[in-house]
Amino acid sequence: MLPSSIQISGEPLSGAEVRDICRGLRDNAVRLLSLRGCRLCDRDFGRICRALAGATSLAQLNLNLGVVSSPSRIKQLAEALRTNRSIQSLFLHGSPLTDAGLALLNPALALHPALVALDLGDCMLGDEAINLICGLLPPDGAKSGLKELTLSANPGITPKGWSRLAIAVAHSSQVRVLNLDYNPLGDHVAGMLAVAVASSRTLEVLDLEGTGLTNQSAQTLLDMVENYPTALRSLVLAENSISPELQQQICDLLSEGEEEEEVAGGAVDTQEWGRGREPAPHQRGSSSWMCPSDPSSQMVLMTSGLGDSLLAETEM
């Protein structure tokens, strides 16, 4: 029997549901577990974490929207991740981690052998958290690290923190998708990110939607795309003070590069990345990154695990 998916959204979890989840994890019958916005007591959260620790089939874990709501829960999750060896994608968007909470999680994240996608959007992070996150993006030639990183809506991070991240991305041998939307970056930080993109051999998707950019940033990014060979395929600039003409020029240049790679037989479907990521509070406009709509609030069991293309790629 193929591992299945359990997805529950915005519901209180009963004791029976928690028992079923734990049983599925212990039996290695669950590939994806999504408890997005669910309400459960601390005791039941601890039970799920203990089951997570020994699960070998679980590849994707979604605890978005406040499920990890206290320091004690952060510690329980960290303990589970220290033992677990199978989780490849971890989504904690909308959790009040703060820098202190991420410091509790970081040792387990840094040592996890399979983790390649991490969503820490809207987690009340600051510069100290960025210092820890940079350690998950090892320098070129070092051990494998994150391929997808989401840091949306963390306004406590300063330009100093973003500059440190830009340096780490420039030298990372793995990161392919970087979501920084809805942070007050401004043109100065965008310029540093343009240098990181030009230096990176792997970054394919950069989301800068709603980050306070102007035509100055767009011109810098246009010059980068036009004059330097990069791996970039998608650059999201919606909801910035950037003229439609500049946005279209950048889009056209990226499209030309993608068409050339498709002709050469080197195309990769990056739209499979980002599954489980939280949608923006409004429709994404022209962005090519649209989150799939949430499942109903009922528990859903499916035999085909979500994110199979990512799993297949990392197992190659």
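This predicted model contains zero disulfides. Cysteine 22 shows how far apart the sulfurs sit: its nearest cysteine sulfur belongs to cysteine 49, and that atom is 9.3 Å away. A disulfide needs two cysteine sulfurs within 2.5 Å, so this pair does not qualify. Cysteine 22 is also buried, at a relative accessible area of 3%. Cysteine 123 is buried as well, with a value of 0%.

Now the overall layout. The protein has 10 helices and 10 strands. It runs to 316 residues, and 53% of them count as buried. Take the contacts with a separation of 6 or more: 84% of these join residues 24 or more positions apart.

Start with a helix pair. Helix H1 covers residues 15–26. Two packed helices are described by the angle between their axes and the distance between the axes. For H1 and H2 the angle is about 10 degrees, and the axes are 8 Å apart. H1 is therefore roughly parallel to H2, since angles under 35 degrees fall in that class. On the H1 side, the contact is made by Gly15, Val18, Arg19, Ile21, Cys22, Leu25 and Arg26. H2 contributes Asp44, Arg47, Ile48, Ala51 and Leu52. Sorted by class, the H1 contact with H2 holds seven nonpolar residues, one polar residue and four charged residues. Cys22, one of the H1 residues in this contact, is the buried cysteine met above.

Follow the chain out of H2. Helix H2 spans 42–54, and a loop links H2 to strand S3, at 60–62. Alanine 55 lies in that loop. Is alanine 55 buried or exposed? With a relative accessible area of 3%, alanine 55 is buried, because buried means under 20%. Alanine 55 and leucine 25 are 30 residues apart in sequence, yet their C-alpha atoms are 5.4 Å apart in space. Leaving out residues up to four places away in sequence, alanine 55 touches Leu25, Asn28, Asn84 and Ser86. Leu25 is also among the H1 residues that meet H2.

Serine 57 sits in the loop between H2 and S3 too. Its relative accessible area is 16%, so serine 57 is buried under the 20% limit. Which backbone oxygens does the side chain of serine 57 approach? One is that of asparagine 28, which lies 3.2 Å from a polar atom of the serine 57 side chain. Another is the backbone oxygen of valine 30, reached at 2.7 Å. Asparagine 28 thus appears twice around this loop: as a contact of alanine 55 and through its backbone oxygen at serine 57.

Two residues stand out for their backbone angles. Threonine 98 is not a glycine, but its phi is positive, about 60 degrees. Threonine 98 belongs to helix H4, residues 98–111. Threonine 98 is partly exposed, at 28% relative accessible area. Methionine 124 is the other case: its phi is near 60 degrees, again positive in a residue other than glycine. Methionine 124 is placed in the loop between strand S5 (117–119) and H5. Its relative accessible area is 54%, so methionine 124 is exposed, the cut-off being over 50%.

That loop leads to a second helix pair. Helix H5 covers residues 127–134, and helix H6 covers residues 159–171. They pack at an angle of about 5 degrees, with axes 9 Å apart. H5 and H6 are therefore roughly parallel to each other. From H5, the residues in contact are Asp127, Ile130, Asn131, Ile133 and Cys134. They meet Lys160, Gly161, Trp162, Arg164, Leu165 and Ala168 in H6. By class, this contact of H5 with H6 divides into six nonpolar, two polar and three charged residues.

End on one residue of that contact. Tryptophan 162 is found in H6. Tryptophan 162 is buried, at a relative accessible area of 2%. What does tryptophan 162 contact, leaving aside its neighbours within four places in sequence? The list is Ile130, Leu151, Asn154, Ile157, Leu180, Asn183, Leu185 and Val189. Ile130 is one of the H5 residues that meet H6. Leucine 185 is 23 residues from tryptophan 162 in sequence, and 8.1 Å separates the two C-alpha atoms. Isoleucine 157 adds a polar approach: its backbone oxygen lies 3.4 Å from a polar atom of the tryptophan 162 side chain.

Key: Residues are numbered from 1 along each chain as its sequence is written. This is a predicted model: local features need pLDDT of at least 70, side-chain atom pairs count only at pLDDT 80 or more; totals for chains, interfaces and linings use all residues. Side-chain values use heavy atoms; hydrogens and water are left out. Buried means under 20% relative accessible area, exposed over 50%, partly exposed in between (1.4 Å probe, protein chains only). Helices (H or I, at least four residues) and strands (E, at least two) are DSSP runs, numbered from the N terminus. A polar contact is a pair of N or O atoms within 3.5 Å; within protein, one must be able to donate a hydrogen and the other to accept it, and residues adjacent in sequence count only if both atoms are side-chain atoms. Axes are lines fitted to C-alpha atoms, for helices over the stretch in contact, and angles run from 0 to 180 degrees between N-to-C directions. Angles under 35 degrees count as roughly parallel, over 145 as roughly antiparallel, 65 to 115 as roughly perpendicular and the rest as oblique. Contact means heavy atoms within 4.5 Å. Ala, Val, Leu, Ile, Met, Phe, Trp, Tyr, Cys and Pro count as nonpolar, Asp, Glu, Lys and Arg as charged, and the others, Gly among them, as polar.
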